[in-house]
Amino acid sequence: MPVAPVDERGTKLFYTDTGSLPTPKYKTLVIVHGYSWHSAVFSRLVPLAPKHGIRLICVNRRDFPGSTPYAPEEIDPVRTGDAQDYAKFMNARAQELGRFIHHLLEVEGIPGLDEKGQGGVSLLGWSLGNVFCLSLLDNLNNLPPNVAQSLAKNLDSYIMYDAPHWALALKDPPPGSDYRSALKEGKTQEDFIRALNSFLSGYYHNEKPIRDPSKLLILSGNTGRIATSDNMSPEELKACFDIEAQNRSDVPILRGIRFDAFNRIARKVLFGEGKAQPYKLPCRIYGLWGEQSCWITVFAGWSFTEHLRERKERGEYVPPIPVVWMKNGNHFAHWDEPEDFMKISVGLMHGPPLVNKL
């Protein structure tokens, strides 16, 4: 069971690794999972990685299987503290993720990025995982000097995969578009979790040409495909989903929405707010959304595109971030459509793709 040390106190992060390839300058994709669903949910990508010429590493965040749990003094301030406590917590997670990638480069021997663009590390954040990736990018200059130099040289790209609107400094959805209204809440937590997972992993008719957020729930409907979580066996659910870690840490971590913490991080990383000007993105960045995802993420993809247009109209800095839509993909496209997901991800890793028109 591979683990990587990420501080001097014995904190470790568990990860899965498809291993090195025969070619010397392959690229490596590091995936950071989302809310409650850990690295095992990417297991269907594992046999595809060598075929597509990449090394795939999926890391478990703190509290999830194999990784060091949070100590009470680490997580309690997130539950009860203020915005400053929350910022300290996220900065510490950035340090851990940065040291993790540094460990892969220096100890596990993944190829660095050369002058021809070969090798290097691509980072992919899924859903809530984007908050941790953006926090790392915001703290690149605050890492230990050797770690900062390593990442500055070898971090090639970052893929924002099905990020929700609250992670990207975007406006809130229209009044009444509360996802809880789409759930059939039961009397027990188990009923609610089952309904929430079905909603998040369902398939929806999101009529992209309209792009009217106020109509998302109206236009959402049954596509004839079963929600991913409803199609999983009990054994698969148990292997991928961790309700205990969700309650211990992911639920309090979501308090960052209340503090505007996620948005502050995104505004700095994606739009250069408070950064030295002229601003330059820390690496190539892409937005990837599923066309049939739940409205929380589809709304984010639409809004991100519109926000870029609005910035251009106002004469403000517009980051060169292509937006790509995965046809027929939902929030769990990596599970239901692993081959298509891998093709798109590898294409982004290797350079600017032929993207859909905004």
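1. Which helix gives the most to the lining of the largest cavity? Helix α2, spanning residues 83-106, holds that place, contributing three residues. The structure under review is a predicted model, and the points below should be read accordingly.

2. On confidence, the chain has a mean pLDDT of 90. A pLDDT of 70 or more is reached by 89% of its residues. The stretch 353-358, by contrast, has pLDDT below 50. In the model, residues 353-358 nevertheless have 14 contacts beyond near neighbours in sequence. A reader using those contacts should keep in mind the pLDDT of below 50 over this stretch.

3. On internal space, the count comes to one cavity of 30 Å³ or more. The volume of the largest cavity is about 110 Å³. Its lining consists of Leu13, Val32, Val59, Arg61, Arg62, Tyr70, Arg93, Glu96, Leu97 and Phe132. By class, six of the lining residues are nonpolar and four are charged, while no polar residue takes part. Among the residues named are Arg61, Arg62, Arg93 and Glu96.

4. On the sheet, eight strands form an open arrangement in the order β1-β2-β4-β3-β5-β6-β7-β8, and the pairing is mixed. Its edges are β1 (3-5) and β8 (323-326), each of which pairs on one side only. Neighbouring strands of the sheet are turned against each other by 25 degrees on average, with direction ignored.

5. At the β1 edge, β1 and strand β2 (residues 12-17) run antiparallel and are joined by three bridges. Val3 stands opposite Phe14 of β2. The two strands make up a hairpin with six residues between them. Within the turn, Gly10 has a positive phi of about 95 degrees.

6. The next pairing in the sheet order is that of β2 with strand β4 (residues 54-59), again antiparallel and over three bridges. Here Tyr15 has Val59 in β4 as its bridge partner. Val59 also belongs to the lining of the largest cavity, as does Leu13.

7. Further along the sheet, strand β5 (residues 121-126) pairs with strand β6 (residues 155-161) in the parallel sense, over six bridges. Within this pair, Leu124 is matched with Ile159 of β6 as its bridge partner. The parallel sense of β5 and β6 and the antiparallel sense of β1 and β2 both occur in this sheet, whose pairing is mixed.

Notes:
Residues numbered from 1 in each chain as written. Predicted model: local features only at pLDDT ≥ 70, side-chain atom pairs only at ≥ 80, totals over all residues. Heavy atoms only, no water. 1 Å grid on protein atoms, 1.4 Å probe; cavity = no way out; pocket = protein on both sides within 12 Å on 5 of 7 lines; lining within 4 Å. Points joined across faces, edges and corners; volume = space filled by probe spheres on them. Helix = DSSP H or I, 4+ residues; strand = E, 2+ residues; numbered from the N terminus. Nonpolar A, V, L, I, M, F, W, Y, C, P; charged D, E, K, R; others polar. Pairing = 2+ DSSP bridges. Axes fitted to C-alpha atoms, helices over the stretch in contact; angles between N-to-C directions. pLDDT = per-residue confidence, 0-100. Contact = heavy atoms within 4.5 Å.
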